[in-house]
Amino acid sequence: MVVIPAVVPPLPHENRWTRNLPAATAFKWLAQGWQDFRTVPGPSIAYGMLIFLLSAAIIDGLFLFGRDYILFPALAGFMVTGPLLAIGTYAKSRQIARGEPVSLMRMIFVRPAAGAQLLFTGVLLCLLMLIWMRAAVIVYALFFGLLPFPGLDHVAAMLFTTPVGWAMLIVGSAVGALFASFSFAISAFSIPMQLEQRVDALTAMGTSFALVGKNLPVMLTWGMIVLGLFLLSLVTGLLGLIVVFPVLGHGTWHAYETMKAAPSAEKAS
């Protein structure tokens with residue numbers, strides 16, 4: 001007679017992605033980013049200036065070629081590709097931590113440990129941004145049909161004074177929130193990880209997604225800080241990016257440094 005062993009619950013084990021960080025840790029990352037910005041500030045300011053000039057050139061191009069109707073999706077898409085563009089700020093923060101010399105050239109010409117996999121990640125993020133922009137155009141077409149885009153001078157009245165405009169705002173915001181959440185989750189730590197480690201793009205993005213999903217309080221706080229400072233930059237005509245972009249980039253590196261530590265190592269420390 002065969003005796004079936006008793007069913008016992010599995011042994012408890014630590015979740016490898018959970019860090020149990022308070023939400024206020026996000027403000028510590030911001031403070032550390034500001035400190036790295038102030039350490040040899042010249043290269044960071046120059047890097048932020050390059051990002052500002054690139055952003056201004058893209059916006060001018062949209063108006064020049066009559067594509068101003070995708071301005072808002074394009075600005076939102078900046079949040080998708082931002083982590084990739086910030087790789088130079090990650091490199092500077094790592095150089096500071098290692099006591100290495102800091103320069104603008106070393107921030108621009110970065111050699112990631114992942115090699116070409118970083119390029120593949122960039123392609124995937126750009127594709128996601130293009131899909132997001134196309135989705136925004138489709139949402140507009142679903143509510144306004146073939147009605148031409150009225151231009152930035154009249155779009156506010158169209159959106160906020162008509163029932164159709166309010167409906168489009170609600171649906172468009174919901175769709176945008178889904179894209180923003182997904183892009184933030186896969187890009188928050190994947191680029192810093194590929195800078196430091198020899199890892200493929202999908203593994204890096206999957207790891208980033210898991211770390212964000214398992215540490216929502218602190219990551220939601222960090223996401224709100226990033227969004228708030230980006231909106232502040234928009235209010236200043238994107239001039240704020242000269243400071244905001246490198247500060248957030250340096251802070252993201254410190255967030256990655258905190259998140260990459262195993263839970264057991266955190267407890268031991």
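Hi everyone, let me start with a pocket. Nineteen is a lot of names to read aloud, so here are the ones at the middle: of the 19 residues lining the second largest pocket, Ile 58, Ala 74, Phe 78, Thr 81 and Met 129 lie nearest its centre. Before I go on, please keep in mind that this is a predicted model.

How much space lies in that second largest pocket? About 350 Å³. And which helices supply its lining? At least two residues each come from helix H2 (41-64), helix H3 (71-85) and helix H6 (116-144). H3 gives the most, with 7 residues. For those of you thinking about chemistry, the lining divides into 16 nonpolar residues, 3 polar ones and no charged ones.

Now let me step back to the whole chain. The protein chain has 269 residues, and 43% of them are buried. Its secondary structure comes to 13 helices and 0 strands, so if you read along the sequence you simply meet α thirteen times over. The C-alpha trace spans about 75 × 65 × 35 Å along its principal axes. On contacts, take the pairs between residues at least 6 apart in sequence: 76% of these join residues at least 24 apart.

What does the UniProt record add? In an unreviewed entry, UniProt places the feature "transmembrane region" at residues 45-64, 70-91, 112-132, 138-160, 167-191 and 222-249. I looked at two of those spans in the model. Residues 70-91 are 91% helix and 0% strand, with the end C-alpha atoms 32 Å apart. For residues 167-191, the figures are 92% helix and 0% strand, and the end C-alpha atoms lie 36 Å apart.

Let's finish with the charged pairs. How many salt bridges does a search of the whole structure find? It finds 4, and I'll walk you through some of them.

Glu 100 is a good place to begin. Arg 98 forms a salt bridge with Glu 100, and their closest N and O atoms are 3.9 Å apart. Arg 106 also forms a salt bridge with Glu 100, here with the closest N and O atoms 3.3 Å apart. As for exposure, Glu 100 is partly exposed, at a relative accessible area of 30%, and Arg 106 is partly exposed too, at 32%.

Then there is Lys 260, which forms a salt bridge with Glu 196, the closest N and O atoms being 2.8 Å apart. Why look at this pair? Lys 260 lies in the loop between helix H12 (241-259) and helix H13 (263-268), while Glu 196 is in helix H9 (residues 190-196), so the pair ties together parts that are 64 residues apart in sequence. Lys 260 is partly exposed, with a relative accessible area of 37%, and Glu 196 is partly exposed as well, with 25%.

Going back to the Glu 100 group for a moment: salt bridges that share partners join Arg 98, Glu 100 and Arg 106 into one network.

That's my tour, and I'm happy to rotate the model for anyone who would like another look. Thanks for listening!

Note on methods:
Residues numbered from 1 in each chain as written. Predicted model: local features only at pLDDT ≥ 70, side-chain atom pairs only at ≥ 80, totals over all residues. Heavy atoms only, no water. 1 Å grid on protein atoms, 1.4 Å probe; cavity = no way out; pocket = protein on both sides within 12 Å on 5 of 7 lines; lining within 4 Å. Points joined across faces, edges and corners; volume = space filled by probe spheres on them. Helix = DSSP H or I, 4+ residues; strand = E, 2+ residues; numbered from the N terminus. Nonpolar A, V, L, I, M, F, W, Y, C, P; charged D, E, K, R; others polar. Salt bridge = Lys/Arg side-chain N within 4 Å of Asp/Glu carboxyl O. Buried < 20%, exposed > 50% of the residue type's maximum accessible area, 1.4 Å probe, protein only. UniProt positions renumbered as here; feature names shortened; annotations may be inferred. Contact = heavy atoms within 4.5 Å.
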